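This report describes a predicted model. It begins with one pair of residues in the sheet and then moves on to the cores, the largest pocket and a few single residues.

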Amino acid sequence: MSTRVIELKRSVFESNDERAELLRKELKEKKIFLLNLMSSPGSGKTTTLKATIAALKDKYNIGVMEADIDSDVDAKKIADTGVKAIQLHTGGMCHLDADMTRQGLDALVEGDVDLAILENVGNLVCPAEFDTGASKNAMILSVPEGHDKPLKYPLMFSICDVVLINKIDVAPYFDFDMEKCKEYIHMRNPKAEIIPICAKTGEGVDVFAKWLSDQVDEWKA
């Protein structure tokens, strides 16, 4: 007896890509910039966001979507910065797709938001597989995770426009090779911007804020 194989996964991705491209076009027309921020759990996404918001909130009307399987801990932290924040519960899913992102944006941009940031679910695999419709993709790799992560999770690094290497203040205590890490990232994505930061102390955050500001201004031009 022969076995029939149906490529369901491929069709799901293709359909999502179409919806993501449509969302991206609509955001461009409305002059709303959407940053999709990804990383593994504990890399410092929320702390990095808080520092970035502090640097940019006088220039842009910022709104943040916090995506988690459960809880609203991170949304409350972001709301304390004075910007609009909403929590997205994924119902057990380890990623957001274009439709889920659109639902969040519909609630977020009821006000005058021109810079929307999606803090995606903490995971180095699933979020990289689904185009959210974002204007740009960013990710955080923290020093304790190791410099070899670009070799182990190639897709995540290949789709990101900028990679933040966070927690550089603890680099002396870990077997972390910054130059090797940069080399491995550029093996996966030669065009990726790489910005070492320490979200806790603020080191390098101004460089990322400048990069993000340039992207927003270009998108809205």
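G63 of strand 2 stands opposite A116 in strand 4. G63 also stands opposite K84, a residue of strand 3. The pairing around strand 2 is parallel on each count: 5 bridges join strand 2 to strand 4, and 6 bridges join strand 2 to strand 3.

Strand 2 is largely enclosed by the rest of the structure, because 7 of its 7 residues are buried. In a regular strand the side chains alternate between the two faces of the sheet. Both faces of strand 2 are covered, with I62, V64, E66 and D68 buried on one side and G63, M65 and A67 buried on the other.

**The sheet**

Strand 2 belongs to an open sheet of 7 strands, in the order 3-2-4-1-5-6-7 and with parallel pairing. The edges are formed by strand 3 (84-89) and strand 7 (193-196), each of which pairs on one side only. From one strand to the next, the twist averages 20 degrees.

Strands of a sheet pair through backbone hydrogen bonds, either parallel or antiparallel. The table lists the bridge counts for the strand pairs described here.

| Strand pair | Sense | Bridges |
|---|---|---|
| Strand 2 and strand 3 | parallel | 6 bridges |
| Strand 2 and strand 4 | parallel | 5 bridges |
| Strand 1 and strand 5 | parallel | 5 bridges |
| Strand 5 and strand 6 | parallel | 5 bridges |
| Strand 6 and strand 7 | parallel | 4 bridges |

Strand 5 (residues 136-142) is mostly covered, with 6 of its 7 residues buried. M139 of strand 5 stands opposite M38, and strand 1, the partner of strand 5 through 5 bridges, spans residues 33-39. I140 has L164 in strand 6 as its bridge partner; strand 6 covers residues 162-166. At the edge strand, E193 in strand 7 stands opposite V162.

Helix 2 (residues 45-56) packs on this sheet and touches strand 1, strand 2 (62-68), strand 4 (115-119), strand 5 and strand 6. The direction of helix 2 makes about 175 degrees with that of strand 2.

**Nonpolar cores**

The largest nonpolar core has 42 residues, and those with the most contacts inside it are I62, L115 and L212. Helix 9 (residues 205-220) gives the largest share of this core, 6 residues. Which residues does I62 touch, not counting residues up to four places away in sequence? They are I53, L56, K57, V83, K84, V113, L115 and I117. K84, one of these contacts, is also the residue of strand 3 that G63 stands opposite.

A second, separate core has 18 residues, including L141, V163, F176 and I185.

**The largest pocket**

Rolling a probe the size of a water molecule over the atoms shows where empty space is left. The largest pocket has a volume of about 170 Å³. Its lining consists of 17 residues, of which G42, K45, T46, D74 and E119 lie nearest the centre of the pocket. At least two lining residues are supplied by each of helix 2, strand 2 and helix 3 (73-79).

**Single residues in loops**

L124 lies in the loop between strand 4 and helix 5 (126-129). Is L124 buried or exposed? L124 counts as buried because its relative accessibility is 9%, and the limit for buried is under 20%. Leaving out residues up to four places away in sequence, L124 touches S39, S40, M139, E145, K149, Y153 and M156. Among these contacts is M139, the residue of strand 5 that stands opposite M38. L124 and H95 are 29 residues apart in sequence and, C-alpha to C-alpha, 9.9 Å apart in space.

Two lysines have a positive phi. K31, which is not a glycine, has a phi of about 60 degrees. K31 is placed in the loop between helix 1 (8-30) and strand 1, and it counts as partly exposed because its relative accessibility is 39%. For K167, phi is near 65 degrees, a positive value in a residue other than glycine. K167 is found in the loop between strand 6 and helix 8 (178-188). At 26% relative accessibility, K167 counts as partly exposed.

How values were computed. Residues numbered from 1 in each chain as written. Predicted model: local features only at pLDDT ≥ 70, side-chain atom pairs only at ≥ 80, totals over all residues. Heavy atoms only, no water. Core = buried A, V, L, I, M, F, W, Y, C linked by side-chain atoms within 4.5 Å. Buried < 20%, exposed > 50% of the residue type's maximum accessible area, 1.4 Å probe, protein only. Contact = heavy atoms within 4.5 Å. Pairing = 2+ DSSP bridges. Axes fitted to C-alpha atoms, helices over the stretch in contact; angles between N-to-C directions. 1 Å grid on protein atoms, 1.4 Å probe; cavity = no way out; pocket = protein on both sides within 12 Å on 5 of 7 lines; lining within 4 Å. Points joined across faces, edges and corners; volume = space filled by probe spheres on them.
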